[in-house]
Amino acid sequence: MKARSKRLMLVGGGVALLIAAVALVLSAFQQNLVFFHTPSEVAEGKAPVGKTFRIGGMVEDGSIAREADGVTVRFAITDTAKVIPVTYKGTLPDLFKEGKGAVVQGKLEAGVFQASEVLAKHDENYMPPEAAHAVEQAQQAAKTLSQ
Amino acid sequence: MKAKFLVPLLLFFGLAGFLAFGLTLNPREVPSPLIDKPAPKFSLARLDAPEQQFTLESMRGEVWLLNVWASWCVACRQEHPLLVRMARDKVVPVVGLNYKEVRGDGAINARGLSLEAETSMAIERARRWLSDHGDPYQVSVMDIDGRVGIDFGVYGVPETFLIDREGRIRYKHIGPITPDSLQNVLMPKIEELRRAG
Amino acid sequence: MIPELGHFALILALVLSLVQAVVPLVGAQRNSMALMAVGRPAAQGQFFFILFSYACLTWAFITSDFSVELAATNSHSATPLMYKITGVWGNHEGSLLLWAMSLSLWTVAVTVFSRHLPEAFMARVLGVLGLVSAGFISFTLVTSNPFERLLPGAGEGRDLNPLLQDPGMIIHPPLLYMGYVGFSVAFAFAIAALLSGRLDAAWARWSRPWTTVAWVFLTAGIAVGSGWAYYELGWGGWWFWDPVENASFMPWLLGTALMHSLAVTEKRGAFRSWTVLLAIGAFSLSLLGTFLVRSGVITSVHAFATDPKRGLYILALLVIVIGASLLLYAMRANKLMGGGSFGLVSRETALLGNNVLLTVASASVLLGTLYPLFLDALNLGKISVGPPYFEAVFVPLMTPVVVLMMFGPFLRWKDDDLVAAVRKVAPAFIASVLIGVGVAFAVDHVTWRTVLGLSLAAWVVLASIQLLVGRLKERAGASASSRLRSITASWWGMWLAHLGIGVFIIGVTMVGSLDRHLDVKMKEGQRAELAGYTFVFRGAVEAQGANYDAARGQIELSRDGKVLDMLTPEKRLYWAQGMPMTEASLNIGPFRDVYVSLGEQLDDGAWIVSLYYKPFISWIWMGCLLMALGGIFAAADVRYRRMAARDAAVASGRRVAASA
């Protein structure tokens, strides 16, 4: 085989591979990105139905309750403006507490958020960034309204 | 130099540009929605005299700082000596907002506590802490359940709000105050507000 | 006093690193032996001062000197001694110092083990390493001084994050940093080669063992970190694709590509430009990883520990180091063209294919890690990119890599016959697919992922056996022992590391397909069943550690009526931070782990208990161990020492000639 055509095949193979890789990455992004919504957005119906997404905010005081099986937990996430009820089956993270920040991932079903994952912060003093973001957005909305 | 060899360099510069932009997003500079708005109204018990209430009105006509603190907050310990020095030199009046003294402390399970028990525990702890570390506050108020903190959009301790003569929030400092941030950020703003009024 | 000495020593180290950076480079340019000779003592002196500085900081932790802010925020008087020592690097400032120290250690290692290098080349290598070191030490001093005082001192420290108080965390960071930073040597060799214009097989040969050793450290470091996450985070996951993990995985992928590319450059003189680019890339990703973890751009958008000044400084460092190297590359790369030519079907092509795939994989991890940042920057919403993305990208990219990885060694260098080669491996390949399907049916879990994973693993194992047998047959007539002895250490290294991948895939596939999990509420005396095992809850007792209180569950594990173990998962409360922590308890076996952790205690005294059955999970780490072991074999090959001696003879001959 001539050097030239060999080179062409190598380059062609490389380009084909790159295109395949880009297509792969794009489709993976398409299917697997998890968007983040604040409780206010969810209350306004802006969150997708039947798709996995995340909510951040604070665990409402006095909202944690366990069902008889002990494993299913109900609680509510709030950004101080709106409250979203959540159910979760499993063990909660060590730093999950009422009045503290948390982020939950799951799907919205009939107005109740079915969480598949609950993330709490790593540190005692501060909220997860997404939770802080949600509270901040709600504050901002509240201020705009009161004007 | 062939053009194709520059491709990695250009790719890298694109990436670096994004990273630089990412740095500017660092929400230490979060523009608080409250900036230039009237501070949320509140009425809270004073730490030194819990039977008395403190309101924003009593600070009207002054440029002052509202410093959010708690005895369990480690970063507060870092800024505290500076606050004490500021109080000694009478730099600016500082009001302390003690935030979730008991229920904010991870070491305590406050769930079973009555509000009265929690309040007296909080006052005891806060007083002890101030007598140990020095009391830089003109007055300190107790936000037991953190409601006022939420109104102010507090989501980490310490935070410090700069409030003008008309009771508007003019600046929010997140994290401990350092000599550097005091001198280069807070003081110029305080002086500007004083001149303006 | 001692902290001030440490601070001062660090400043001296910075001065020496600048000397090490500037003088030898100037010397190499002017061809001045005297100037070039400065590099070695400067590097060694720098190491001494950093070591001293590090010792001073450790001293502050050991003696609980809480007038040092770092000790006050990361240690506690009741912390066990071991965790006082490791607390030094369990934070930003200390880990930067560790970074600088490992860089310095590598530099000293180069001055000791690469004495055979030509003076000018060595001077350039030391100069480049000195520049990087100066960047990092000044970063530490300017933005993150670990010796900062807290006056008046705190009465008691805040303690190290309990998650980090674990034996795994004692060795994980040093190993990882040695790996990360170790790529700086390959980088320095590549830059020195670009500067001198000397990019031949000798350069690749010098660089190879260093790259391999760094890769061994990184492999081991990542494996230990993953093991730590597995038993410490309390829910049995072993890899999370979080930005911090990705930061170490990206250089690993590119480092793997670099190792193989260096092999081609050394043996065949090909791929030189590509190899240089990979050397720059692997180290750049190490730096980028440091940036991502340390600047707070990604991990913690609202962590006060991250100062924007730090992010800016390290970004500037990144731009200077990587930008300058890539510019140098652009200027010199056309000199790197050519080299050994090879046919379309050859071992070179197989290696090139895998190189490209590994690079693409690395880029896809980078993209997934940075994508949330991009969207946020463009104000397109907040998102998170989780494991599903990475898995969706990784499986299709790595499948051809594993197939090619075992096919490549059957191909001859330069040119081979495709039909003949395929015929050689076809039986093993077909058998692998059959085994994959068969085993999937046998364990009653027929999904395409399980079949694929098992087939790939079978392919690696079968092809490895065929390779070994073929290699032993090569010298027909010789005795068995001489045949074995004829195999070089680097061949064994390749063989072991590739086999390690197979073992690793078995672990990943089995755990991914067959693990079982049950969250259950248990009262004293209650039992639960999972995957054929019986768990009986015997209650929880109070227990106390050096710096924590704990509730210790007593869970009896049995199978078929035979008691196997008493598992004791704990719920701990660390005094200083008041932080609760879950400590899992494991019954480890070669073919499965049983893993138990405590959730919350409920009001009626019952506990939420998480039970896990993890088949073949230890194979994941066994696979990593084999890979690392393979790397050690490859780096220890006697050939390097023989060649080194020859190079030294050539160099000294040249020196004699020059002085004559």
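**A helix and an open sheet in chain C**

In helix α10 of chain C, which covers residues 243-268, the 26 residues should span 38 Å at 1.5 Å a residue, and because the end C-alpha atoms are 37 Å apart, the helix agrees with that expectation. The model is a predicted one, and these values are computed from it. Of the 26 residues of α10(C), 22 are buried, so this helix is largely enclosed by the rest of the structure; a residue counts as buried here if 20 or more other C-beta atoms lie within 10 Å of its own C-beta atom. Just after α10(C) comes C:G269, whose phi is positive, at about 75 degrees.

Further along chain C, the reader can turn to a sheet. Four strands of chain C, in the order β2-β11-β10-β9, make up this open sheet, and their pairing is antiparallel. Its edges are formed by β2 (516-522) and β9 (585-588) of chain C, each of which pairs on one side only, while the twist from one strand to the next averages 15 degrees. Strands of a sheet pair through backbone hydrogen bonds, in either a parallel or an antiparallel arrangement.

At one edge, β2(C) runs antiparallel to strand β11 of chain C (residues 607-615), to which seven bridges join it, and within this pair C:R516 stands opposite C:Y613 in β11(C). At the other edge, β9(C) pairs with strand β10 of chain C (residues 592-601) in the antiparallel sense, over four bridges, with C:L586 standing opposite C:Y595 in β10(C). These two strands, β9(C) and β10(C), form a hairpin in which three residues lie between them.

Methods:
Residues numbered from 1 in each chain as written. Chains lettered and ligands numbered in written order. Predicted model: local features only at pLDDT ≥ 70, side-chain atom pairs only at ≥ 80, totals over all residues. Pairing = 2+ DSSP bridges. Axes fitted to C-alpha atoms, helices over the stretch in contact; angles between N-to-C directions. Expected span 1.5 Å × (residues − 1). Buried ≥ 20, exposed ≤ 12 C-beta atoms within 10 Å, placed from the backbone.
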